[in-house]
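Colleague: Could you walk me through this model? I'd like to go element by element.

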Amino acid sequence: MSVKTDKLLSILKLQPVVPVLVIDDVATAVPLARALVAGGLRAIEITLRTPAALEAISAVANEVEGAVAGAGTILNAAQFEAAIEAGSQFIVSPGTTQELIDVARDHDAPLLPGAATASEVMGLREEGYEVMKFFPAEQAGGAAYLKSLSSPFAGTFFCPTGGISLSNARDYLSLPNVICVGGSWVAPKDLVAKGDWAGITKLAAEAFALKG
């Protein structure tokens, strides 16, 4: 697991915020990803919540220089395999099942598995996972809850996602067990609909400035 952990950490440490995207129109995928990369956000999570998701991942992986395309909202082995086939370099799940853990063993692309309780963290640690997604972050207890996990689970790191914005991102990023956060605020639907890529680059740059 250590090789995959290192690979995952190298991706998550590229930036303080990983954009979490829901792409309805594949035509927006490439210009959106280019706008995010221009603002410093290279690792991009495209969620499998729409019919356009897999094609969007493929387009970003093949056409956007500097982008590290990942797939999110992966719920089962079939979706995991499809996301890898589309070109995903990392996989993100909102929770964890044995099916996902098993399929992840067969691929080089690292899995960022979801956990929201101490028991789930313990289960993932037993499987060799050291880096996890904390989801849904705000609803599951927020930064205060995550801070309380840092002592009993030393050496375990998180990418909290869910309810995080520019206004509260630093609350998480200041924690010793947080590597980065996931957020959708860097690509608001209204700016995507208008094709305001400069506006999205500005939001991405603001998010990237949270680093350090």
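Modeller: What follows goes through the strands, one helix, some backbone details and a pocket. Keep in mind that this is a predicted model.

Colleague: Start with strand 3. How many of its residues are buried?

Modeller: Strand 3 covers residues 68–72, and 5 of the 5 are buried, so the strand is largely enclosed by the rest of the structure.

Colleague: Which residues sit on which side?

Modeller: Val68, Gly70 and Gly72 are on one side of strand 3, with Ala69 and Ala71 on the other. Both faces are covered. As background, side chains in a regular strand alternate between the two faces of the sheet.

Colleague: What does strand 3 pair with, and in which sense, parallel or antiparallel?

Modeller: Strand 2, residues 43–47, pairs with strand 3 over 5 bridges in the parallel sense. Strand 4, residues 90–92, also runs parallel to strand 3 and is joined to it by 2 bridges.

Colleague: Which residues are the bridge partners?

Modeller: Between strands 2 and 3, isoleucine 46 has alanine 71 as its bridge partner, and threonine 47 stands opposite glycine 72. Towards strand 4, alanine 71 is partnered by isoleucine 91.

Colleague: And how does the chain get from strand 3 to strand 4?

Modeller: Through helix 4, residues 77–86, in a right-handed β-α-β crossover. A right-handed β-α-β unit is also made by strand 2, helix 3 (residues 53–63) and strand 3.

Colleague: What is in the loop after strand 3, before helix 4?

Modeller: Threonine 73 is in that loop. Its phi is near 55 degrees, which is positive in a residue other than glycine.

Colleague: Is threonine 73 buried or exposed?

Modeller: Threonine 73 counts as buried because its relative accessibility is 16% and the cut-off for buried is under 20%.

Colleague: Back to strand 2. How many of its residues are buried?

Modeller: 5 of the 5 residues of strand 2 are buried. Ala43, Glu45 and Thr47 point one way, while Ile44 and Ile46 point the other way.

Colleague: There's a glutamate in that list. What does it pair with?

Modeller: Glutamate 45 is the bridge partner of valine 20. That belongs to the pairing of strand 1 with strand 2, which run parallel and are joined by 2 bridges.

Colleague: Which helix goes with strands 1 and 2?

Modeller: Helix 2. Strand 1, helix 2 and strand 2 form a right-handed β-α-β unit.

Colleague: How many residues of helix 2 are buried, and which ones?

Modeller: Helix 2 spans residues 29–38, and 7 of its 10 residues are buried. They are Ala29, Val30, Leu32, Ala33, Ala35, Leu36 and Val37. In general, residues three or four places apart in an α-helix point the same way, because there are 3.6 residues a turn.

Colleague: What covers them?

Modeller: The cover over the buried residues of helix 2 includes strand 1, strand 2, helix 3, helix 9 and helix 10 (197–208).

Colleague: What follows helix 2?

Modeller: Helix 2 is followed by glycine 40, with a positive phi near 105 degrees.

Colleague: On backbone oddities, where is the cis peptide bond?

Modeller: The cis peptide bond joins phenylalanine 135 and proline 136, with omega about -10 degrees. Proline 136 lies in the loop between strand 7 (131–134) and helix 7 (142–149).

Colleague: Which sheet is strand 7 in?

Modeller: Strand 7 belongs to an open sheet of 3 strands in the order 6-7-8, with parallel pairing. Strand 6 (114–115) and strand 8 (157–160) are at the edges with a single partner strand each, so one side of each has no neighbour in the sheet.

Colleague: What joins strand 6 to strand 7?

Modeller: 2 bridges join strands 6 and 7. In strand 7, phenylalanine 134 is the bridge partner of alanine 115.

Colleague: New topic. What is the volume of the largest pocket, and what lines it?

Modeller: The volume of the largest pocket is about 440 Å³. The lining has 23 residues, and Val20, Leu21, Val22, Ser184 and Ala187 lie nearest the centre. Strand 1 (17–21), strand 9 (181–183) and helix 9 (189–194) are the elements that give two or more residues to the lining.

Colleague: Which of them gives the largest share?

Modeller: Helix 9, with 3 residues.

Colleague: And how do the lining residues divide by type?

Modeller: The lining of the largest pocket has 11 nonpolar, 7 polar and 5 charged residues.

Note on methods: Residues are numbered from 1 along each chain as its sequence is written. This is a predicted model: local features need pLDDT of at least 70, side-chain atom pairs count only at pLDDT 80 or more; totals for chains, interfaces and linings use all residues. Side-chain values use heavy atoms; hydrogens and water are left out. On a 1 Å grid over the protein atoms alone, a cavity is a set of points where a 1.4 Å probe fits but cannot get out, and a pocket is an open set with protein on both sides within 12 Å along at least five of seven lines; lining residues have an atom within 4 Å of a point. Grid points are joined across faces, edges and corners, and a volume is the space filled by probe spheres set on the points. Helices (H or I, at least four residues) and strands (E, at least two) are DSSP runs, numbered from the N terminus. Ala, Val, Leu, Ile, Met, Phe, Trp, Tyr, Cys and Pro count as nonpolar, Asp, Glu, Lys and Arg as charged, and the others, Gly among them, as polar. Buried means under 20% relative accessible area, exposed over 50%, partly exposed in between (1.4 Å probe, protein chains only). Two strands pair if DSSP finds at least two bridges between them. A crossover is right-handed if, with the strands pointing away from the viewer, the path from the first strand over the helix to the second runs clockwise. Contact means heavy atoms within 4.5 Å.
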